[in-house]
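Here is an informal walk through one protein model, with the cut-offs spelled out along the way. Have the viewer open while you read.

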Amino acid sequence: METLRFASTPITLKVLNIFRNVMRNLGKRQASPIALQLAEKILPLFNHVSSEVREGSISLFKDMMEAVVWCKKGNMKKAVRRGLLPLLFQMSDETPSVAQASGEALVACAKFLKWKELKHQAREENTVGIRMCLLQQDRRRVEGYLWQSLPYLKDSQASLRCEAVTFLGLAVQHSREQSEEMLNEICNALQPLEDDAHPAVRSLAAGTIQMLRHERQQAASARSRLAALCCWPCIAI
């Protein structure tokens, strides 16, 4: 399955269709081990160059979640959580059928994880609400979302680049760690988008970079005040 990213589109589609048919025709006991083994491996196909592959892989991912028997769901949670952010981004896909499949899969993820508010927001197709659910549900995962977002800044679709920039800005604000190194790395990743061909991407990137620079200045100021406080007893003596 890992090699499908490098296979031709027709071959990839055939393999996805085979697995979908297998998942549908097997009982849960037989399908569950296959789902557990392959679910995380198909995530890179969500942003494949072919819209058919994107839609097929997302639909297969949804089928795999639904195929897992209840006693094995704990083993599937890692893949489901890793699929949340890509599915949010693909809800902005310029191909309507891919966007719809992504929304349906995100609803299935929310059901699987028993996140009621995420399920509600996904059913409403409310990307603003979905972003906030992901960032507020578990603050420990925010930094992971940050790094997971970065490759989407280079996506061929302007709509996904916009979504990635928007999410990055929010994620930084919700991150527990705002080190100068992290802020610099994100700024560097955003800077090429200031010359993007699409005005909306350029505007979002410029605004986000400005916000990150402000966050960086505040972090540096806070460190300076802390250093001064630490040195104050020494000066007093």
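## Ground rules

Helices (H or I, at least four residues) and strands (E, at least two) are DSSP runs, with numbering that starts at the N terminus. The model is a predicted one, where local features need pLDDT of at least 70, side-chain atom pairs count only at pLDDT 80 or more, and totals for chains, interfaces and linings use all residues. Residues are numbered from 1 along each chain as its sequence is written, and side-chain values use heavy atoms, with hydrogens and water left out.

## Overall fold

By that helix and strand rule, the protein has eleven helices and zero strands. Written out along the sequence, the pattern reads α-α-α-α-α-α-α-α-α-α-α.

How much of the protein is buried? Here buried means under 20% relative accessible area, exposed means over 50%, and partly exposed is in between (1.4 Å probe, protein chains only). On that scale, buried residues account for 46% of the 237 residues.

## Salt bridges across the sequence

A salt bridge here is a side-chain nitrogen of Lys or Arg within 4 Å of a carboxyl oxygen of Asp or Glu. Searching the whole structure turns up eight salt bridges. One of them pairs arginine 20 with aspartate 63, with 3.0 Å between the closest N and O atoms. Arginine 20 sits in helix 1 (residues 9–25) and aspartate 63 in helix 3 (residues 51–67), so this pair ties together parts that are 43 residues apart in sequence. Both arginine 20 and aspartate 63 are buried.

Another pair is arginine 131 and glutamate 163, whose closest N and O atoms are 2.8 Å apart. This one also links distant parts of the chain: arginine 131 belongs to helix 7 (residues 127–137) and glutamate 163 to helix 9 (residues 158–174), 32 residues apart. Arginine 131 is buried because its relative accessible area is 11%, and glutamate 163 counts as buried because its value is 5%.

## A small charged network

Aspartate 138 and arginine 141 also meet through their side chains, in a salt bridge of 3.3 Å, N to O. Salt bridges with shared partners join Asp138, Arg140 and Arg141 into one network. Is aspartate 138 buried or exposed? At 14% relative accessibility, aspartate 138 counts as buried, whereas arginine 141, at 32%, counts as partly exposed.

## Lysine 114 and its patch

Lysine 114 is in the loop between helix 5 (96–113) and helix 6 (116–123). At 72% relative accessibility, lysine 114 counts as exposed. The backbone deserves a look too: lysine 114 has a positive phi of about 60° although it is not a glycine. For background, most residues other than glycine have a negative phi.

Which residues gather with Lys114 in a patch of positive charge on the surface? They are Lys28, Lys73 and Lys77. Patches are made of residues with over 30% relative accessible area and no salt bridge; like charges are joined within 9 Å, and nonpolar side chains (Val, Leu, Ile, Met, Phe, Trp, Tyr) within 5 Å. The place of a charge is taken as NZ of Lys, CZ of Arg, CG of Asp or CD of Glu. Lys and Arg count as positive and Asp and Glu as negative, while His and the chain ends are not counted. The accessible areas come from the Shrake-Rupley method with a 1.4 Å probe, and for residues only the protein chains shown count as cover.

## Glutamate 125

Glutamate 125 has a positive phi of about 55°, although it is not a glycine. Glutamate 125 lies in the loop between helix 6 and helix 7, and it is exposed, with a relative accessible area of 59%.

## Cysteines

How many disulfides are there? With a disulfide taken as a pair of cysteine sulfur atoms within 2.5 Å, the count comes to zero. Cysteine 133 is buried at 11% relative accessibility, and cysteine 187 is buried at 3%.

Cysteine 133 lies in helix 7. Its C-alpha atom is 8.3 Å from that of glutamine 121, and the two residues are twelve apart along the chain.

## One more contact to check

Asparagine 21 is in helix 1 and is partly exposed, with a relative accessible area of 44%. Asparagine 21 and leucine 60 are 39 residues apart in sequence, and their C-alpha atoms are 9.5 Å apart in space.
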